[in-house]
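Work through the exercises below with the sequence and the 3D view side by side. Try each task before reading its solution.

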Amino acid sequence: MKKIVCDGYDELSRAAADIVAEQVSRKPNSVLGLATGSTPLGLYSELVRRQSAGEIDFSKVRSFNLDEYYPISKDHPQSYNYYMRENLFSKVSFASTRLPDGNTDDPQGECAKYDSEIEAAGGIDLQLLGIGINGHIGFNEPADSYSVATYLVKLTESTLAANSRFFANGETQPVSALTMGFGAIFSAKSILLLISGQNKAPIAKRLFQGKIHTDVPASLLLLHPNVTVVIDRAADGS
Ligand code: F6R
């Protein structure tokens, strides 16, 4: 696991953009695995800026997102579909983009289809990840066992509480999600994990202990041969 420590969030976003840009210039038809949440927002705006400046070309890039709430409509402002359109896809033109369909009435069928589409694309070249304060990646929550396939997962209280700020008072918050399992994530040839902010310091510390903690899903990443962690000082505690 390679670690890049940045002074602050802006530097982290630029360092992450350098890694994405390097991937896309080396392989213009790369398959990118994308994430949502607050951490990659700076990266996405930096990618938009670099594309406007003609420094990067996404026109051959295909993308698959990690996850989507379930059930939720594509146009719900808290859906990850909406987030991706707002922050990236409406500003940068990709060859294709795909998120799990949070509106399907056949979640199992949708999950199986998602995995076969990723496989048919040749797997993911670069997978972007954030980390939950409980160590989740995608929506793979701490559990007794972990799914290899994309699946329908019930969100934990900790994740629901962390994300409740995004839902208006009285609005029903989805309690489940469709998420890539460890199969698609580990099929990625390289992984870029972003960790920012003081509230992530305790989980970052556990990750860097170099041990697989069965209650920290992200610690499984220690087994992947090509992971780069870009972390800011607040999260690194340095
Ligand atoms: C998002 C995702 C989640 C987030 C994690 C961190 O697609 O899969 O695992 O990466 O919850 O979220 P933030 O960045 O908001 O702290």
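A polar contact is a pair of N or O atoms within 3.5 Å. Keep in mind that this is a predicted model.

**Exercise 1.** Find how far a polar side-chain atom of Thr-36 lies from an oxygen atom of the ligand, and classify the pair.

Solution. Step one: take the distance, which is 2.9 Å from the side-chain atom of Thr-36 to the ligand oxygen. Step two: apply the cut-off of 3.5 Å. The Thr-36 pair is within it, so it is a polar contact.

**Exercise 2.** Which part of Ser-38, backbone or side chain, supplies a polar atom to an oxygen atom of the ligand? Treat Thr-39 likewise.

Solution. For Ser-38 it is the backbone, at 2.8 Å from a ligand oxygen. For Thr-39 it is the side chain, with a polar atom 2.4 Å from an oxygen atom of the ligand. Now add the area: the ligand alone exposes 410 Å², and the protein buries 91% of that.

**Exercise 3.** Describe the surroundings of the ligand.

Solution. Start with the space: the ligand takes up the largest pocket. Next, count the shell: 13 residues surround the ligand. Those that come nearest are Thr-39, Asp-67, His-136, Gly-138 and Lys-200. Then sort by class: 3 residues are nonpolar, 8 polar and 2 charged.

**Exercise 4.** Place Thr-36 in the fold, and decide: buried or exposed?

Solution. Locate Thr-36 in the loop between strand E2 (31-34) and helix H2 (41-52). Its relative accessible area is 13%. Buried means under 20%, so Thr-36 is buried. Finally, look along the chain: Val-92 is 56 residues from Thr-36, and their C-alpha atoms are separated by 16 Å.

Definitions and conventions:
Residues numbered from 1 in each chain as written. Predicted model: local features only at pLDDT ≥ 70, side-chain atom pairs only at ≥ 80, totals over all residues. Heavy atoms only, no water. Near = heavy atom within 4 Å. Polar contact = N/O pair within 3.5 Å; in protein donor to acceptor, adjacent residues only side chain to side chain. Areas by Shrake-Rupley, 256 points an atom, 1.4 Å probe, with all protein chains shown as cover. 1 Å grid on protein atoms, 1.4 Å probe; cavity = no way out; pocket = protein on both sides within 12 Å on 5 of 7 lines; lining within 4 Å. Sits in = over half its atoms within 2 Å of the grid points. Nonpolar A, V, L, I, M, F, W, Y, C, P; charged D, E, K, R; others polar. Helix = DSSP H or I, 4+ residues; strand = E, 2+ residues; numbered from the N terminus. Buried < 20%, exposed > 50% of the residue type's maximum accessible area, 1.4 Å probe, protein only.
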